[in-house]
Amino acid sequence: MEPILELSGLSKVYPGGLTALDNVDLTINKGEVFALLGPNGAGKTTLIGAVCGLVRPTSGSIRAFGHDLASDWRRARNRIGLVPQELSTDMFEPVHRAVSYSRGLFGLAPDRDRIEEILRSLSLWDKRDERIMALSGGMKRRVLIAKALAHEPDLLFLDEPTAGVDVELRKGMWAIVDTMRERGVTIILTTHYIEEAELMADRVGIINRGKLLMVDQKDAMMARLGRTEAHITLARPLSALPSEIARFPVELEPGGEVLCYRGGDGTGKGKAEVAALTKALIAADIDYVGIDTRESSLEEIFVSLLGEGKAA
Amino acid sequence: MISWRSTWSIYTRELMRFLRTAFQSVLAPVLTTSLYFIVFGAAIGGRMPDLGGVDYGAFIIPGLLMLTLLGETTSNSSFGIYMPRFTGTIYELLSAPVGVSETLLGFVGAAMTKSLLLAAIILLTARLFVDYSIAHPVLAVFYIMLVAAAFSLFGFILGIWADNFEKLGIIPMLFLTPLTFLGGTFYSIDMLPRPWDTIALANPIVYLVSGLRWTFYGQSDVNIWISFGITLGFLAICVAVIAFIFRTGWRLRA
């Protein structure tokens, strides 16, 4: 694993006293897709802003591609792209000119072939001569992505890339992220949509009130904090848990008609235990008429972690 | 090290922005200047004596040029940086590997270019109304460029300082325009009664108008070197303020 972005003890306290980032340590490795999850005001955009030069950190250090962003910012920023949360661009400009401007701004020579390739990959080629203001919201967001890709960054920040985008365009956006990942671009995305992180991210970080609560491989996080929940509807109500199934993490719901299993670890252990539980029920001559199982999602893990954070 | 490609990108984009409103940008100063010439040059000027041997219609050309130059340069430059701040597109500039040099050369260079174009248009318009000749044409161009640079920088500071459209317009409207009108645009300071001729010297615009008038007709209210010195001093102050803004990120970075 080659680290390309290292945040160390990064803090940002705004003049009003709001702590937007609180001693954040984070390392991003080359080629990975990292999802930063957190509620509104958690510090996601401030973190991105600190790396991209929009926010002045109060303390701590940022190194990108081995360059200190405080002293060697030109070389570091050359390789970083940003797609902001807001649809901020000159709406009167035609698409191709806006994208060409972004390339030039980063000091690169004009390259019509490269701009065409980017516009085609984002289905914007047919719209190249249209003013940005004439495009739909989804297309405008694609323009922002095209602008961020114009200087061929190695690290790309996507701040809420699918906010306000319909389901179809959202899926299109996921495909774009996949393509960029295949090209070797390291991506850091912030999102409210947990399914987005589940689908795309290799690693997930959870941030709240400026503190990075947890950073882990998505699968490892699911394994560590994931749970399986199964509701088994019995043919005949029970008055108490039979001893044959006492070894399982089950409880009898009020009324005695439903057995509730909560266990597992997100790696499939829960499903195996539910299968073993059903066999134990049959062996104990306890009949059932329905089973409803579900795995906890990243969202539930996220909510649970935030809940713990608040309790602390 | 300065990135000339980045500078060129900012510069050309700003000029494109100007060209989008070229009709308004060119027509407005032409119309305004024509009106001034009709009112002050033809209607009133015909009853005015020559000033230092210069026909009154020709006498007011440097003043009118300065009046338009200061207003347009300041507003072009201030809008150039204020609008990206207002719309949020400033993120692109701040996240790019460009520093104060590229930003200033791009924004201020474009504002200067627009101003020089306008100056040329005004001089051509003036030719339609009065006959004039320029005594020191090279110095005149140089002085116009110097003033355009200084007020582009001033406009840039204004565009960063302003956090609403009212503030953006208040300095040109309440200070710049009145001071220019009172700065000898339409009269020589010698024509003012005492003590107003002395009080007028506290107005910095007097030195700008006077300096430009010297390059046109070889005569002015104040010494040409004082005019140059004050213009250069103002430019240096603006550069220092902008350097401070970029170093601290004031009103640019959160």
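A residue counts as buried here if 20 or more other C-beta atoms lie within 10 Å of its own. With that in hand, welcome to this predicted model, in which chain A and chain B touch through 24 residues from chain A and 20 residues from chain B. Chain A holds ten helices and 14 strands, while the stretch of chain B from residue 20 to 249 is 77% helix and 0% strand. The points below go from the overall build of chain A to its helix α9, then to chain B, the contact and a few single residues.

**Chain A as a whole**

- The C-alpha atoms of chain A fill a box of roughly 75 × 45 × 35 Å along the principal axes.
- Chain A has 312 residues, and 40% of them count as buried.
- Among contacts in chain A with a separation of 6 or more, 70% join residues 24 or more positions apart.
- The domain assignment splits chain A into domain 1 (3-223) and domain 2 (227-295).
- The C-alpha centres of domain 1 and domain 2 of chain A are 45 Å apart.

**Helix α9 of chain A**

- Helix α9 of chain A covers residues 269-283, and its 15 residues reach 21 Å from the first C-alpha to the last, close to the 21 Å expected at 1.5 Å a residue.
- Its buried residues are G270(A), E273(A), V274(A), L277(A) and L281(A).
- Viewed down the axis of α9(A), these buried residues fall within an arc of 105°, so they line one face of the helix.
- It may help to recall that an α-helix has 3.6 residues a turn, so residues three or four places apart point the same way.
- The buried residues of α9(A) pack against four strands of chain A: β11 (228-234), β12 (250-252), β13 (258-263) and β14 (288-295).
- On the face of α9(A) turned away from the buried side sit the exposed residues A272(A), K279(A), I282(A) and A283(A).
- After α9(A) comes D285(A), with a positive phi near 60°.

**Chain B and its annotated spans**

- UniProt, in an unreviewed entry, lists "domain: ABC transmembrane type-2" for residues 20-249 of chain B.
- The end C-alpha atoms of that span, residues 20-249 of chain B, are 30 Å apart.
- The feature "transmembrane region" is placed by UniProt (unreviewed entry) at residues 21-44, 56-72, 104-126, 138-162, 168-187 and 222-246 of chain B.
- One of these, residues 56-72 of chain B, is 100% helix and 0% strand, with its end C-alpha atoms 24 Å apart.
- Residues 138-162 of chain B are 96% helix and 0% strand, and their end C-alpha atoms lie 36 Å apart.

**Helix α1 of chain B**

- The 17 residues of helix α1 (residues 4-20) of chain B should span 24 Å at 1.5 Å a residue, and the end C-alpha atoms are 24 Å apart, which agrees.
- The buried residues of α1(B) are S6(B), T7(B), S9(B), I10(B), Y11(B), R13(B) and E14(B).
- Both chains help to cover them: the cover includes α3 of chain A together with α3 (56-87) and α5 (100-129) of chain B.

**The side of chain A that touches chain B**

- The elements giving two or more residues to this side are α1 (44-52), α2 (73-77) and α3 (95-105) of chain A.
- α3(A) gives the most, with four residues.
- By type, the residues on this side of chain A divide into eleven nonpolar, eight polar and five charged.

**Single residues worth a look**

- T186(A) belongs to strand β8 (residues 186-191) of chain A.
- With 23 other C-beta atoms within 10 Å, T186(A) is buried.
- Beyond its neighbours within four places in sequence, T186(A) is in contact with I4(A), I28(A), K30(A), G31(A), E32(A), D154(A) and L155(A).
- T186(A) and K147(A) are 39 residues apart in sequence and 17 Å apart in space, C-alpha to C-alpha.
- For the next two residues, keep in mind that most residues other than glycine have a negative phi.
- N23(A), in strand β2 (residues 19-29) of chain A, has a positive phi of about 55° although it is not a glycine.
- N23(A) counts as partly exposed, because it has 15 C-beta neighbours inside 10 Å.
- R251(B), in the segment after α10 (224-248) of chain B, has a positive phi near 65° and is a residue other than glycine.
- R251(B) is partly exposed, with 15 other C-beta atoms within 10 Å.

Conventions:
Residues numbered from 1 in each chain as written. Chains lettered and ligands numbered in written order. Predicted model: local features only at pLDDT ≥ 70, side-chain atom pairs only at ≥ 80, totals over all residues. Contact = placed C-beta atoms within 7 Å. Nonpolar A, V, L, I, M, F, W, Y, C, P; charged D, E, K, R; others polar. Domains from an automatic or database assignment. UniProt positions renumbered as here; feature names shortened; annotations may be inferred. Buried ≥ 20, exposed ≤ 12 C-beta atoms within 10 Å, placed from the backbone. Expected span 1.5 Å × (residues − 1). Arc of directions from axis to C-beta.
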